[in-house]
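Me: I should like to go through this structure element by element. Please reason from the model in each reply.

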Amino acid sequence: MAAAFAFRSLYRARPGLRCPPVELPWAPRRGHRLWPADDELYQRTHISLLQRESPHTMYIDSYNSRGFTVNGNRVLGPCALLPHSVVQWNVGSHQDITEESFSLFWMLEPRIEIVVVGTGDRTERLQSQVLQAMRQRGIAVEVQDTPNACATFNFLCHEGRVTGAALIPPPGETSLTSLGQAAE
């Protein structure tokens with residue numbers, strides 16, 4: 001630091017000794033490095049992901065017999081997950097699912113490609129006219145038990161598909177605290 005101060009004062013004091021700063025041996029080089037230093041080559045990189053790729057994507061964090069946790073928000077009872085929102089779904093069991101209860105999925109824009117239906121702790125058959133009405137509108141329906149439906153919905157959303165879900169919580173006290181923990 002003292003040497004730099006001395007050179008600066010010398011440079012300013014004597015006009016005959018002036019030379020461009022680039023020629024001075026202490027002049028800083030400006031520019032970007034194109035390659036890492038040797039000590040950086042041998043260090044491991046650790047990445048902590050603080051935010052998912054798309055902050056507006058719906059992800060089911062957990063479920064239990066009372067409801068679901070979606071993007072950190074608790075939803076009680078059956079719910080319908082849309083690309084950017086969650087709504088209460090007015091059904092009690094798979095037998096209550098009608099064409100009218102699926103109407104919210106075909107009224108949306110952008111058009112939903114697939115609806116994943118979780119029917120509780122077991123996979124149940126839906127009424128054929130309900131499935132036919134969805135097929136006529138160009139929406140695929142995947143019916144599964146609720147644990148698998150939650151995982152399928154998360155997978156399809158991660159792929160970037162325009163996906164909806166119609167979920168009924170599984171009865172009983174068995175619960176998965178986090179779908180992320182189940183993957184580990």
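Reply: Helices, H or I, are DSSP runs of at least four residues and are numbered from the N terminus. The model discussed here is a predicted one.

Me: Which residue with a positive phi follows α4?
Reply: Helix α4 spans residues 128–136. After α4 comes a residue whose phi is positive, near 80°, and that residue is Gly 138.

Me: Which face of α4 is turned inward, and within what arc do its buried residues fall?
Reply: Residues count as buried under 20% relative accessible area. In α4, this applies to Val 130, Ala 133 and Met 134. They line one face of the helix, because, seen down the axis of α4, the buried residues fall within an arc of 95°.

Me: Which residues are exposed on the other side of α4?
Reply: Exposed means over 50% relative accessible area. On the other side of α4, the residues in this class are Ser 128, Arg 135 and Gln 136.

Me: Against which elements do the buried residues of α4 pack?
Reply: The residues concerned are Val 130, Ala 133 and Met 134. Their packing partners are one helix and two strands: α3 (103–106), β6 and β7.

Me: In what order do the 5 strands of the open sheet lie?
Reply: The pairing in this sheet is mixed. Its edge strands, each of which pairs on one side only, are β5 (85–88) and β7 (140–144). From one strand to the next the twist averages 15°. The order is β5-β4-β8-β6-β7.

Me: What angle does the direction of helix α5 make with that of β6?
Reply: Helix α5 (residues 146–158) packs on the sheet, where it touches β4, β6 (114–119), β7 and β8. Its direction and that of β6 make an angle of about 160°.

Me: Which residue of β8 stands opposite Cys 79?
Reply: Strand β4 covers residues 79–82 and strand β8 residues 163–168. The two pair in the antiparallel sense over 3 bridges. Opposite Cys 79 in β8 stands Leu 167.

Me: Is Asp 96 buried, partly exposed or exposed?
Reply: Asp 96 is found in the loop between β5 and α3. Its relative accessibility is 40%. Partly exposed lies between under 20% and over 50%, so Asp 96 counts as partly exposed.

Me: Which residue's backbone nitrogen does the side chain of Asp 96 reach?
Reply: Leaving aside neighbours within four places in sequence, Asp 96 is in contact with Val 91 and Ser 101. Gln 127 is 31 residues away in sequence, with a C-alpha to C-alpha separation from Asp 96 of 9.7 Å. The side chain of Asp 96 reaches, at 2.9 Å, the backbone nitrogen of Gly 92.

Technical notes:
Residues are numbered from 1 along each chain as its sequence is written. This is a predicted model: local features need pLDDT of at least 70, side-chain atom pairs count only at pLDDT 80 or more; totals for chains, interfaces and linings use all residues. Side-chain values use heavy atoms; hydrogens and water are left out. Two strands pair if DSSP finds at least two bridges between them. Axes are lines fitted to C-alpha atoms, for helices over the stretch in contact, and angles run from 0 to 180 degrees between N-to-C directions. Contact means heavy atoms within 4.5 Å. Buried means under 20% relative accessible area, exposed over 50%, partly exposed in between (1.4 Å probe, protein chains only). The arc is that of the directions from the helix axis to the C-beta atoms. A polar contact is a pair of N or O atoms within 3.5 Å; within protein, one must be able to donate a hydrogen and the other to accept it, and residues adjacent in sequence count only if both atoms are side-chain atoms.
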